[in-house]
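Me: I should like to go through the assignments in this structure one at a time, with the criterion behind each. Please set each value against its definition before concluding.

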Amino acid sequence: MFVACGSVTRKAHIAGVIVPIDGSATVAAATAGVLKRIYVREGDAVAAEEPLFELATERQGKEGELSELIAQQLATRQASLESERRLRQSQYRDKTQNIRERQQNLGAETDKLEQEIALARRREELARQTLSKYEVLQQSGYVSHAQLQQKQEDLLDVTGKLNALERSKVQLSANRIALKSELASTETELATDLAQIERSLASLRQESAENHSRHSTLITAPQAGTITAISYQSGQTVAPGQMLATLIPLHAGDRPAASPTLEAHLYATSRTAGFVDAGQKVAIRYDAYPYQKFGLQQGTVVDVSRTPFAPSELPANLASTIIGQSQQLVATASAAPTEALYRIKVRLNRQAIDAYGQPKQLKAGMTLSADVKQDRRAIWEWVAEPLLAVARTE
C-alpha cells in the first residue's frame with residue numbers, strides 16, 4: 001500500500017540572501033579627505049538630499065590653510081565691489097537730483113515764457129488794431145504818412161519780440177527733451193554698471209562656493225531610504241570612491257519612517273533552475289533563525305532570470321556569500337566558483353519572524369537556504385524509474 005499509494009516530492013535546495021525590493025545604493029566619497037562629521041546613525045531613515053557626511057578636504061601651506069586664505073581675498077574683493085556699487089548708486093542719485101532740479105527750473109521758465117508770449121500776442125493784436133485805425137485816418141487825411149509808418153514799425157517790433165519769445169520756447173522744449181534723454185541715459189548707465197558689478201559678485205560667489213567645496217564636501221542622500229553599514233568614524237581618512245555607507249531605498253508603498261520592503265534572491269545552478277517557475281511555493285530557512293526552533297517560513301517565486309549571472313556579475317557583497325552557500329548545499333564539487341547562477345526572486349509572506357514571543361524584523365543581507373518544490377511522483381514511479389529509463393532508450 002505504501003509503494004502503490006505513497007508519493008515523494010522532489011525539492012531543489014538553493015542558497016540565497018535577503019535584499020531590499022528596490023535594491024540598495026552605495027554612498028561613496030567623491031574626493032579624498034578626512035571624515036569631519038557624521039550626521040546620521042545606522043538605521044536612521046533619511047529624506048532625499050538630506051546631509052549624511054561632511055568630508056574635510058583642507059590643504060595646508062606655509063601661511064596656513066589655503067582655502068581660508070583664498071576666502072579672505074575673495075571677501076576683500078566682494079567688499080570692494082559692494083562699495084563700488086554703493087558709490088555708483090550715490091552718484092546716480094546726485095546726478096538724477098541735479099537733472100530733476102534743472103527740469104523743474106526749465107518748467108518754471110516755460111511757464112513764465114508762456115505768460116510773456118500771451119502778453120506779446122496781446123500787444124501784437126493791439127498794434128494791429130491801432131495800425132488799422134491809422135490806415136483809415138491816413139486815407140481821410142487826418143494823419144500823415146510818417147505817423148502811419150511809425151505804427152507799422154511798432155507792429156513789426158512787437159511781432160519780432162513775439163517771434164523771439166516763441167524761439168525761446170522752442171529752445172526750452174529742446175532743453176527739456178535733452179534733460180529727459182540724459183535722465184534715461186543715466187538710468188541705463190547705472191543699470192549697466194550695476195549689472196556688471198552683479199556679474200562680478202556672482203563670479204565671486206561661485207569662486208567662494210568652489211573654494212568652500214575645497215575646504216569641505218557635504219555628502220547627501222541620493223534618495224529617501226534607510227542608512228546601514230556605516231563603515232567609517234569621524235577623523236578617519238577616506239579615498240576617492242570609498243564606500244561610507246549603504247542606503248536602502250524605501251519601497252513605493254512604504255511610509256517615510258517605515259522599514260524598506262525586503263525580498264529573497266535565490267541563486268540556482270542550471271541543474272536546479274530548470275523546473276523553477278513563477279508561482280511556486282518556497283520553504284525558507286534563515287541562517288539567523290534555526291528552523292528547528294523557529295520553523296520554516298514561506299514565500300512565492302515571482303521571477304526567474306532568463307539568463308544566468310556570472311560570479312563576477314553578482315554584487316560584490318553577495319558573491320562570496322552565495323558561492324559559499326551553494327558549495328555547502330551540494331554534495332559534489334560541481335558548484336564551482338566559476339559556474340553561472342540563475343537569480344530567482346521570492347516574495348516573502350512575512351517581513352518579520354516570531355522569536356520568543358516577539359516579532360523580529362528581517363534585515364537586508366541575511367543569508368538563507370530555500371526548498372523549491374519541483375516534481376511530485378508516486379513511489380512506484382520513483383522505484384521503477386531506472387527500468388522506465390532503459391525502456392525509453394531502446
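Me: Which residues does Gln280 touch, leaving aside those up to four places away in sequence?
Reply: In this predicted model, Gln280 touches Phe275, Gly299, Thr300, Val301, Val372 and Lys373. Gln280 itself lies in the loop between α4 (270–273) and β13.

Me: Why is Gln280 classed as it is, buried or exposed?
Reply: The relative accessible area of Gln280 is 16%. Buried means under 20%, so Gln280 is buried.

Me: What makes the approach of Gln280 to Asp277 a polar contact?
Reply: The side chain of Gln280 reaches the backbone nitrogen of Asp277 at 3.1 Å. The cut-off for a pair of N or O atoms is 3.5 Å, and the distance of 3.1 Å therefore satisfies it.

Me: How do you know what kind of pair the rings of Tyr289 and Phe294 form?
Reply: Their centres are 5.8 Å apart, and their planes stand at 85°. Rings pair if their centres lie within 6.5 Å, and planes over 60 degrees apart count as edge-to-face; the pair is therefore edge-to-face. Tyr289 and Phe294 are both buried.

Me: What kind of pair do Phe294 and Tyr356 form, and why?
Reply: Here the ring centres are 5.6 Å apart and the planes are at 90°, so this pair is edge-to-face under the limits of 6.5 Å and 60 degrees. The pair links distant parts of the chain: Phe294 belongs to helix α5 (residues 291–294), whereas Tyr356 is in the loop between β16 and β17, 62 residues apart. The structure holds 2 aromatic pairs, and ring pairs link Tyr289, Phe294 and Tyr356 into a cluster.

Me: Why is Tyr356 called buried or exposed?
Reply: The relative accessible area of Tyr356 is 67%. Exposed means over 50%, so Tyr356 is exposed. For Phe294 the relative accessibility is 16%, which is under 20%, so Phe294 counts as buried.

Me: How do you know that β16 and β17 pair, and what lies between them?
Reply: Strand β16 (residues 352–355) and strand β17 (residues 358–361) are joined in the antiparallel sense over 4 bridges. Pairing requires at least two bridges, so the criterion is met. Ile353, for instance, has Lys360 in β17 as its bridge partner. The two strands form a hairpin with 2 residues between them, and Tyr356 in the turn has a positive phi of about 55°.

Me: What makes the charged end of Arg285 count as sitting over the ring of Tyr291?
Reply: The charged end of Arg285 sits over the ring of Tyr291, 5.5 Å from its centre. The distance limit is 6 Å, so the value of 5.5 Å falls within it.

Me: Which residues have the most contacts inside the largest nonpolar core?
Reply: Leu266, Tyr286, Ile344 and Leu362 have the most contacts inside this core, which has 26 residues. β12 gives the most to it, with 4 residues. Among the residues that Leu266 touches are Ile14, Val282, Ile344 and Leu368. A second, separate core of 18 residues includes Ala25, Ala221, Val238 and Leu247.

Me: Which strand order does the open sheet of 4 strands have, and why do β8 and β10 stand at its edges?
Reply: The order is β8-β5-β3-β10, with antiparallel pairing. β8 (216–220) and β10 (237–238) each have a single partner strand, so one side of each is left without a neighbour in the sheet.

Definitions and conventions. Residues are numbered from 1 along each chain as its sequence is written. This is a predicted model: local features need pLDDT of at least 70, side-chain atom pairs count only at pLDDT 80 or more; totals for chains, interfaces and linings use all residues. Side-chain values use heavy atoms; hydrogens and water are left out. Rings of Phe, Tyr and Trp (its six-membered ring) pair if their centres lie within 6.5 Å; planes under 30 degrees apart count as stacked, over 60 as edge-to-face and the rest as tilted. Buried means under 20% relative accessible area, exposed over 50%, partly exposed in between (1.4 Å probe, protein chains only). A charge sits over a ring if NZ of Lys or CZ of Arg is within 6 Å of the ring centre and within 35 degrees of the ring normal. A nonpolar core is a set of buried Ala, Val, Leu, Ile, Met, Phe, Trp, Tyr and Cys residues joined through side-chain atoms within 4.5 Å. Contact means heavy atoms within 4.5 Å. A polar contact is a pair of N or O atoms within 3.5 Å; within protein, one must be able to donate a hydrogen and the other to accept it, and residues adjacent in sequence count only if both atoms are side-chain atoms.
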